[in-house]
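Work through these exercises with the structure at hand. Try each task before you read its solution.

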Amino acid sequence: MAALGRCLLKTKHLQGLGGVQVTRAAGGWNKDWKPGPYPVTPEERAAAARKYGLRLEDYEPYPDDGAGYGDYPKLPIVSAESRDPQRNWDFPEHRRDFGEPIHPDFDMYGLDRVNISGKFRFSTQDQLLSFLAVMATFLGAYYYLDDQKMHRPVLPKQYPQEGVVHYSFEPAE
């Protein structure tokens with residue numbers, strides 16, 4: 001990486017920027033946060049529970065079905081909207097704390113996404129009945145008013161014909 005920075009500084013466009021340093025962030029790369037292998041023995045299970053800050057009783061890994069979750073804990077789905085908005089979160093825009101293990105589908109349950117644990121104001125049955133009532137009202141109005149003329153009356157269009165004067169330029173008498 002340093003060699004790349006030196007090569008860039010030798011180019012014409014960057015020669016005036018002699019004090020530019022090129023660095024890379026040490027963390028934040030996928031390999032740094034990749035889960036370990038699936039725990040088989042009780043000692044591996046206890047080590048994985050400690051790694052994620054969970055008690056051994058609370059730790060349960062995802063099944064080893066080839067999905068690639070490894071030793072990552074199987075966490076319950078808790079939407080960000082159902083978490084306390086008044087708490088002093090480390091990341092208030094996501095309502096989570098630093099180092100807290102997150103669900104693998106965390107990006108799907110943010111404040112601007114799906115709220116899986118929310119309670120609707122109206123039940124599903126009430127919503128369905130309201131929808132059907134509105135649709136039936138519009139359908140009934142359509143069939144009732146289908147044969148009624150609901151436009152401005154207009155005379156038939158006048159096409160030029162032989163011997164018929166539609167307008168003239170003589171003054172009116």
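**Exercise 1. Describe the order of the elements from the N terminus on, and give the numbers of helices and strands.**

Solution. Start at the N terminus: the elements run α-α-α. Next, count by type: there are 3 helices and 0 strands. Keep in mind that the model is predicted. Last, look at burial across the 173 residues: 13% of them are buried.

**Exercise 2. Place alanine 49 in its element. Decide whether alanine 49 is buried or exposed, then find how far its C-alpha atom lies from that of tyrosine 59.**

Solution. Step one: alanine 49 belongs to helix H2. Step two: its relative accessibility is 1%. Buried means under 20%, so alanine 49 counts as buried. Step three: go 10 residues along the chain to tyrosine 59. The two C-alpha atoms are 5.7 Å apart.

**Exercise 3. How many salt bridges does a search of the whole structure find? Examine the one between arginine 55 and aspartate 58.**

Solution. The search gives 6 salt bridges. In the bridge of arginine 55 with aspartate 58, the closest N and O atoms are 3.1 Å apart. Now check each partner's exposure. Arginine 55 has 54% relative accessibility, so it counts as exposed. Aspartate 58 has a relative accessible area of 45%, so it is partly exposed. Finally, widen the view: Arg55, Glu57 and Asp58 are linked in a network of salt bridges.

**Exercise 4. Analyse the salt bridge between arginine 87 and aspartate 97. Which parts does the pair tie together?**

Solution. First, the distance: the side chains meet at 2.4 Å, N to O. Second, the location: arginine 87 and aspartate 97 both lie in the loop between helix H2 (42–51) and H3, so the pair ties together parts that are 10 residues apart in sequence. Third, the exposure of each partner. Arginine 87 is partly exposed, at 41% relative accessibility. Aspartate 97 is buried, with a relative accessible area of 15%.

For another bridge, turn to arginine 113 and aspartate 112. Their side chains meet at 3.5 Å, N to O. Both arginine 113 and aspartate 112 are exposed.

**Exercise 5. Inspect the backbone of arginine 95: what is its phi, and where does this residue lie?**

Solution. Begin with the general pattern. Most residues other than glycine have a negative phi. Now take the residue itself: phi of arginine 95 is near 55°, a positive value. Arginine 95 is placed in the loop between H2 and H3. Its relative accessibility is 15%, so arginine 95 counts as buried.

**Exercise 6. Which residues make the nonpolar surface patch of about 610 Å²? Follow up on leucine 132.**

Solution. List the members: Leu128, Phe131, Leu132, Val134, Met135 and Phe138. Then pick out leucine 132, which is found in helix H3 (residues 124–145). Patch residues need over 30% relative accessible area. Leucine 132 has 46% relative accessibility, and so counts as partly exposed.

**Exercise 7. Characterise the second largest pocket by its volume, its lining residues and their classes.**

Solution. Volume first: the second largest pocket holds about 230 Å³ of space. Then the lining: 16 residues line this pocket. Nearest its centre lie Val78, Arg83, Glu100, Pro101 and His103. Finally, sort the lining by class: 9 residues are nonpolar, 3 polar and 4 charged.

Technical notes
Residues numbered from 1 in each chain as written. Predicted model: local features only at pLDDT ≥ 70, side-chain atom pairs only at ≥ 80, totals over all residues. Heavy atoms only, no water. Patch = residues over 30% accessible without salt bridge, like charges linked within 9 Å, V, L, I, M, F, W, Y side chains within 5 Å. Areas by Shrake-Rupley, 256 points an atom, 1.4 Å probe, with all protein chains shown as cover. Salt bridge = Lys/Arg side-chain N within 4 Å of Asp/Glu carboxyl O. Helix = DSSP H or I, 4+ residues; strand = E, 2+ residues; numbered from the N terminus. Buried < 20%, exposed > 50% of the residue type's maximum accessible area, 1.4 Å probe, protein only. 1 Å grid on protein atoms, 1.4 Å probe; cavity = no way out; pocket = protein on both sides within 12 Å on 5 of 7 lines; lining within 4 Å. Points joined across faces, edges and corners; volume = space filled by probe spheres on them. Nonpolar A, V, L, I, M, F, W, Y, C, P; charged D, E, K, R; others polar.
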